[in-house]
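Q: I'm new to protein structures and would like a close look at one strand, with some help seeing how it sits among its surroundings. Could you walk me through it, and then take me on to other parts worth comparing?

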Amino acid sequence: RRHDMTWHRVGYINLFVLICFLQSAKAFYGKKSGVVSLTPKNFDDHVAVYDDAVVLVEFFAPWCGHCKSLKPHWEKVAKNLQGIVTVAAVDCDADENKQLAAKYGIKGFPTIKVFVGKRSPEDYQGARDATAIADFATSKLTSKHITIVKDSNEASFLKSDMPKVLLFTDKRASSTLYKSLSIKFQKDIDFGEVRVKKAKKLVQKYGVNKIPGLLVFSQGEVTPVHYTGPINAKSLDIYLRQLLGEEISEEKLPEIRDQSCMEEYCVKGGNLCAILITNSEVKDSKNAENIFKTVSDERTDSFFTFATLNGTQHSEFVKKAFDDLSLDWIRVVVLSAKKKAFAAFVGALSVSSIEDFLQGIILKSVRISPMKVDTFPQLPNETKYCKSKEKPKSERKSKPKSDKSRQDFSMVVTLDSANFSKVVGTSRLPVMVEFYAPWCGHCKSLAPEWEKAARNLETMVVFAKVDATQEPNLAQQYGIEGYPTIKYFEANRGKGDLKGKDYRGGRTAKAIAAHALDMLRPISVPYLSSHVEFKSWLSENPAIPKVVLFTDKNKVPLPVKALSLAFKDDIEFCAVSSSVTSVMEEFKIEKAPMMIAMTEREGQEGKVDKEMAITPFKGKFSFIALMQWLSPFFRRSERDQDPSEKPATEDDEFEIGELDVPLISSQEHFANYCVKRLGLCGLVFLDEELTNDALKGSSSYIDTLLSVVKESKGPKFHFGWVPRANQEALLTGFGVSDSPINLVVMNARKLRYANFLGAFTVENISGFLSDILSGLTSTSKIKAIPTFGDVVVKIPSVEGEEAAESPNKAKVKEEL
C-alpha cells in the first residue's frame with residue numbers, strides 16, 4: 001500500500017510539472033539551460049544583431065512529443081555553443097508568439113531555422129541530435145572578418161588605429177570561437193591570425209612561447225600585451241569589451257557578510273553550504289574565486305549552496321567554526337549548519353579537484369569533522385545585509401511541499417570508459433546499467449521510467465546509463481547487440497567484479513524497481529527478538545559504531561539492508577522487535593519505528609554504560625536522509641581506498657635508517673631520494689629567509705617534520721627540503737603557491753601529488769599524511785616528474801658562533 005501511495009504521489013508531481021510546462025517556454029527551457037526564450041518583444045534583440053551572426057531558433061509546442069525528445073539535445077547545443085552561436089526557442093503554443101509562427105510559416109513541431117545576419121532564415125533538415133545540429137550551426141560561421149597575417153602583410157595589418165587581436169595558432173583553419181568573436185566585434189576590433197608553421201619569424205619577433213597565444217594591441221599602440229586569461233567565449237568577451245572601455249559588472253557568488261547572510265545561505269535552506277574562504281593578502285584570490293564560480297555554474301543539482309566568506313574580516317568565526325583552520329591560503333569548506341559539522345578541502349585548487357571533493361561528500365568518502373563547539377558560532381555585526389522580506393503569516397494550514405531539490409537533478413549516473421570500473425567495481429550496493437543509443441525510440445520511452453525507478457529507490461540501488469554509441473568498447477565488452485539493453489550487478493560481489501547479468505523483466509518503473517529491491521532481499525542483517533540476542537550482538541566488535549532500528553515489523557526493512565551494504569565494515573546494523581520492551585525501556589524508546597546510533601561502548605558483558613554516546617535519528621525516514629545522518633560515524637575501509645593511494649606494504653617500505661630531513665641538492669640526489677626510491681616523498685620548499693634558518697640548523701619547520709617522522713607508525717614517508725630559488729619547473733609542476741613554506745607529497749611511481757594546506761604543526765601534517773594513505777585527500781596527476789634545478793646556497797655565518805658545528809649544520813655542509 002505504501003508503494004501504491006508513492007506511485008500516486010509521483011504521478012501528482014509529474015502532472016504538476018506538466019501543467020507548468022504548458023504555461024510558458026520559460027518553464028520548458030529553464031534559466032540554466034542556456035536556451036533563449038524568444039517573443040515578439042525580444043526577437044530583434046537576439047536575431048540579426050550583427051552582420052553574419054548565427055542564431056539557431058527552434059519553433060516548438062510544449063505538448064509535442066518530438067519536441068520533448070529534442071529538448072535535451074537542444075539544451076546540449078546551447079551549452080556547448082554558449083557565447084559562439086545563440087541558441088533560442090519560440091513557444092508557438094503561447095498566444096503572444098502565434099504571429100511569429102505565422103511570419104515564418106511554421107506548420108509542424110519542432111521546426112528548426114538558422115538565421116545568419118539579416119539574410120532569410122534557412123530550414124535545418126539534418127539529424128535531431130546535438131552533434132549534428134552544432135556542426136550545422138558552426139559551419140555557418142564565416143572567417144571573412146579575420147586577416148591571415150604573414151611576414152609580408154604584418155605592417156599593413158598593424159597600420160590602422162583600431163584595437164587589434166592577433167592569434168598565434170598551429171591549426172590550418174580558424175576556430176569557431178575566433179570566428180564568432182570576429183563577427184561580434186567586427187566594427188570595433190581588427191582580428192588577425194598567424195599560422196605559426198608558416199610564420200616562424202613572427203613567433204620569434206613577438207616572443208610567443210605558448211600555442212595558442214593571443215596578443216592584444218590597444219588603440220594606437222604598436223606594443224602588444226600577451227593575454228594570459230582563459231581561452232573561452234565568456235572570458236574573452238568580457239576582456240574585449242573592457243578593452244573597448246565598457247564597464248563590466250561581473251556576476252559574483254553571494255558573500256556571507258554577517259549573521260543574516262549565514263542564516264540566508266547556509267542555515268534556512270537546509271542544503272550543504274560550500275564556502276570559499278578568501279584572504280585579501282593572497283595573490284591568487286581572484287583566480288580562486290573564478291574557479292569556485294565555475295564549479296558553482298557547472299553544477300546542475302541542488303545539493304550545495306555556494307557562497308564566499310572574507311576570512312581576513314571573520315578570522316575569529318573561522319577559528320571557532322572550523323577548528324582553527326589555517327588562513328595562510330584560500331580555503332574551501334563544506335558546512336552543515338544543521339549537524340554542526342564541516343569538511344575541509346585539501347589540495348591544489350582547480351575546477352576538477354573541487355568537483356571531486358564535492359562528489360566525495362555526496363558519496364560519503366570525504367572526512368566529515370564535527371565542530372568543537374556547543375552552539376553554532378555567530379558572525380558579528382547587525383542583521384542587515386541579507387535580511388529576507390518577512391512573509392505575512394497565514395492562519396491556513398500550509399500544504400506539505402514536494403521535495404523540489406530532488407526533482408531538479410537526475411538520480412541516474414552517467415558512465416563512460418573512464419569511470420565505469422570505478423563506479424560499478426567499487427560500489428557496495430547493487431548496480432543496474434542501461435546501454436542505450438540517443439536515436440533509439442525504445443530508449444526514449446524507457447528514459448522516464450528508468451529515472452522514476454532511480455528516484456523512488458533513493459540510491460538504495462545505483463542506477464546508471466551508458467551511451468553505447470559513444471562507448472563502443474564498453475558495448476562490445478558486454479555484448480550489446482540491441483538497444484536498450486539492461487545489465488545488473490548484484491550486491492556482495494568482489495571488489496572489481498564487473499560481471500553483469502541480463503535483465504529480462506518489464507520496462508516500467510514499477511517492474512524495474514521491484515527487480516532492484518529483490519537484489520537487496522538476500523542481504524543478511526540480524527533481526528533480534530529477545531534481550532539476550534541483543535546483548536550478545538552488542539558485545540561483538542565493540543570498537544565499531546552500531547546502529548539499531550526498533551521496529552514493529554517482523555522483518556528487517558530493505559532500506560536498512562541497503563545501509564548495511566553502504567557502510568559495510570564501518571557500521572554494524574541490527575533490527576530489534578518492538579516486542580522486546582526491556583530493550584526499548586533501556587534506551588527510552590517510546591514507540592517504533594526509531595533508529596539510534598551508538599558510537600562508544602563501555603562496560604562489560606554487553607552492559608550499556610551511562611557514558612555511551614547514543615544519537616537518535618530525528619528526521620523523516622528516507623534512505624538519503626539516513627545516509628546523511630550516518631556520515632559522521634563513517635570510517636573509510638580498505639575496500640574504498642584509491643588503489644593509487646594504497647598504503648605501502650612491508651615489501652614496499654624503504655629502510656630509512658637514521659631519521660633525517662636532508663637538503664636535496666642536485667638532480668641526481670632528487671632522483672635517488674624521491675624518484676627511484678620506494679614510498680612517498682615529501683618535499684618542503686623554503687624561501688630565502690627560511691632557507692638561511694635551515695642552513696644554520698635552526699629551522700622550526702624542519703624540526704616539525706622530524707617529529708612527524710619519529711611519531712609516524714606504519715608506512716614511512718621520507719622528507720627533504722629544497723630552496724625555492726632556481727626551482728621554477730618543480731614549483732610550476734606541483735602547483736606550489738607563493739607562501740614562504742610549502743609541503744608537497746609525491747608518489748613518483750603513480751605520477752601523483754598532493755599539496756599540504758594549513759598550519760605547519762605535527763598534528764596537521766600527520767592528519768594530512770594519514771588522509772593520503774587512506775585515500776581521503778584528493779591528489780593531482782602530473783604527466784612527468786619535473787626537472788630539478790641547480791641549488792646554489794651559501795651557509796650563513798652566525799655572530800659569536802662557536803668553532804664546533806652542530807650536527808645539523810655539519811650534515812648540511814656534507815650534503816652541499
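A: Start with β7 and look at which way its side chains go: Lys 164, Leu 166 and Phe 168 point one way, Val 165, Leu 167 and Thr 169 point the other way, and all of them are buried. That fits the tally for the strand, which covers residues 164-169: 6 of its 6 residues are buried, leaving it mostly covered. Keep in mind that this is a predicted model.

Who sits beside β7? One partner is β8 (residues 190-195), which runs parallel to β7 and is joined to it by 6 bridges. If you want a spot to zoom in on, find Phe 168, which stands opposite Val 194 in β8. As background, strands of a sheet pair through backbone hydrogen bonds, either parallel or antiparallel.

For an antiparallel example, jump to β19, at residues 485-489. Here 5 of the 5 residues are buried, so the strand is largely enclosed by the rest of the structure. Both faces are covered: Thr 485, Lys 487 and Phe 489 lie on one side, Ile 486 and Tyr 488 on the other, and each of these is buried. β19 pairs with β17 (residues 431-436) in the antiparallel sense over 5 bridges, and it pairs with β20 (residues 501-502), also antiparallel, over 2 bridges. Lys 487 is a handy landmark: Val 433 stands opposite it, and its bridge partner in β20 is Asp 502.

Next, a whole sheet. Five strands make an open sheet in the order β27-β26-β28-β29-β30, with mixed pairing. β27 (717-723) and β30 are at the edges with a single partner strand each, so one side of each has no neighbour in the sheet. Near the β27 end, β26 (residues 680-686) and β27 run parallel and are joined by 7 bridges; there, Gly 682 stands opposite Phe 719. At the other edge, Ser 780 belongs to β30, a strand of residues 780-781. Is Ser 780 buried or exposed? It is buried, because its relative accessible area is 18% and the cut-off for buried is under 20%. Setting aside neighbours within four places in sequence, Ser 780 is in contact with Ala 348, Leu 751, Arg 752 and Tyr 753.

Now for a helix. α14 (residues 351-362) has 12 residues and reaches 17 Å from its first C-alpha to its last, close to the 16 Å expected at 1.5 Å a residue. Its buried residues include Ser 353, Ile 354, Phe 357, Leu 358, Gly 360 and Ile 361. They cover an arc of only 155° around the axis, which puts them on the same side of α14. After the helix comes Lys 364, whose phi is positive, near 65°.

Aromatic rings give you another way to trace links through the fold. Across the whole structure, a search finds 32 aromatic pairs. Take Phe 534 and Phe 587, an edge-to-face pair with 5.8 Å from centre to centre and 90° between the planes. Phe 534 lies in α20 (residues 531-539) and Phe 587 in the loop between α22 (581-586) and β24 (594-598), so the pair ties together parts that are 53 residues apart in sequence. Phe 534 is buried, with a relative accessible area of 0%, and Phe 587 is buried too, at 10%. Phe 587 also pairs with Phe 550: the ring centres are 6.2 Å apart and the planes are at 50°, so this pair is tilted. It links distant parts of the chain, with Phe 550 in β22 (residues 546-551) and Phe 587 in that loop between α22 and β24, 37 residues apart. Phe 550 is buried as well, with a relative accessible area of 0%. Elsewhere, ring pairs link Phe 43, Phe 59, Tyr 104 and Phe 115 into a cluster.

Finally, zoom out. The protein has 29 helices and 30 strands, and 46% of its 816 residues are buried. Of the contacts between residues at least 6 apart in sequence, 74% join residues at least 24 apart. The protein exposes about 43900 Å², with carbon and sulfur atoms supplying 49% of that.

Technical notes: Residues numbered from 1 in each chain as written. Predicted model: local features only at pLDDT ≥ 70, side-chain atom pairs only at ≥ 80, totals over all residues. Heavy atoms only, no water. Helix = DSSP H or I, 4+ residues; strand = E, 2+ residues; numbered from the N terminus. Buried < 20%, exposed > 50% of the residue type's maximum accessible area, 1.4 Å probe, protein only. Contact = heavy atoms within 4.5 Å. Areas by Shrake-Rupley, 256 points an atom, 1.4 Å probe, with all protein chains shown as cover. Pairing = 2+ DSSP bridges. Expected span 1.5 Å × (residues − 1). Arc of directions from axis to C-beta. Phe/Tyr/Trp six-rings, centres within 6.5 Å; stacked < 30°, edge-to-face > 60°.
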